[in-house]
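Let's take a walk through this structure together, starting from the inside and working outwards. Please keep the sequence and the 3D view side by side as you read.

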Amino acid sequence: MASFHTDSVTLIYSNIEAAKQWWIDVFDCKVAKVPPDWDNPLPSDVALKLPGNSEPTILLGDKAAVERAGFDRPSPVVSVIFCDKLKKAYEQLASRGVLMGPIQDGGDTQVFELRDTEGHLIEICKEP
C-alpha cells in the first residue's frame, strides 16, 4: 500500500458530507478535531488526517458557511499530495473506482491527476 502525505490541502465544497466520505473512501482519511491554531475555523469545518499522519493536514470547508462568515477561502487550482510508491498508489486508487489521468513525467518527478466529487484537481506526485 502506498502512503500519502501533504503539507496542507484546503478545499471548499457545496456538499461537505459527500466530500468527507469521498476522502475517507479514496485515501482512508480519518476525521480529526480541527486544530485551534488553524486560521479562522468554522464549526462546519472538517479536518482529516491521512493514514500514518499524526496531525490533520486536510481542511474541508462548507461553501455556504464560508460565504455566510464572509471568509475568503478560494480553493487552489491544484492540490498536491505526495506518495512514496506512485505506481502502487495508482493501482490502489484505480481499485477503488477513482478515475485518473495517466502517470506522466513532471520534470523531476512522476505525477498523475484525479478529481474529487466537485471537480477539484488533485495531483498525486512521487516523492523526490
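Which residues have the most contacts inside the largest nonpolar core? They are Phe-4, Trp-23, Phe-27, Leu-60, Leu-93, Leu-114 and Ile-124, in a core of 27 residues. A nonpolar core here is a set of buried Ala, Val, Leu, Ile, Met, Phe, Trp, Tyr and Cys residues joined through side-chain atoms within 4.5 Å; buried means under 20% relative accessible area, exposed over 50%, and partly exposed in between, with a 1.4 Å probe and protein chains only.

Before going further, a word on the model: it is predicted, so local features need pLDDT of at least 70 and side-chain atom pairs count only at pLDDT 80 or more, while totals for chains, interfaces and linings use all residues. Residues are numbered from 1 along each chain as its sequence is written, and side-chain values use heavy atoms, with hydrogens and water left out.

Back to the core. Two or more residues come from each of strand S2 (9-13), helix H1 (16-27), strand S4 (46-49), strand S5 (58-62), strand S6 (78-83), helix H3 (86-95), strand S8 (110-115) and strand S9 (121-126). H1 gives the most, with 6 residues. These elements are DSSP runs numbered from the N terminus, helices being H or I with at least four residues and strands E with at least two.

Now follow individual core residues. Leaving aside residues up to four places away in sequence, Phe-4 touches Phe-27, Ile-81, Cys-83, Leu-93 and Ile-124, among others; contact means heavy atoms within 4.5 Å. Leu-93 sits in helix H3 and is buried at 0% relative accessibility. With the same sequence neighbours left out, the contacts of Leu-93 include Phe-4, Val-26, Phe-27, Phe-112 and Leu-114. From Leu-93 to Asp-39 the C-alpha distance is 31 Å, with their positions 54 residues apart in sequence.

Asp-39 brings us to the largest pocket, which Asp-39 helps to line together with Asp-7, Ser-8, Val-9, Thr-10, Trp-38, Pro-56, Thr-57, Ile-58, Leu-59 and Arg-73. A pocket is an open set of points on a 1 Å grid over the protein atoms alone where a 1.4 Å probe fits, with protein on both sides within 12 Å along at least five of seven lines; lining residues have an atom within 4 Å of a point. The volume is about 160 Å³, and S2 and S5 each supply at least two lining residues.

Val-9 from that lining also touches Ser-79, a residue of strand S6. Ser-79 is buried, with a relative accessible area of 3%.

What about the cysteines? The structure holds 0 disulfides, a disulfide being a pair of cysteine sulfur atoms within 2.5 Å. For Cys-29, the nearest cysteine sulfur is that of Cys-83, 14 Å away. Cys-83 in turn has its closest cysteine sulfur in Cys-125, at 8.2 Å, so the two are too far apart for a bond. Both Cys-29, at 2% relative accessible area, and Cys-83, at 0%, are buried.

Finally, look at two loops. Asp-28, between H1 and strand S3 (30-32), has a positive phi of about 60° although it is not a glycine, and Asp-28 is partly exposed at 24%. Asn-40, in the loop between S3 and S4, has a positive phi near 45° and is partly exposed at 49%.

Definitions and conventions
Grid points are joined across faces, edges and corners, and a volume is the space filled by probe spheres set on the points.
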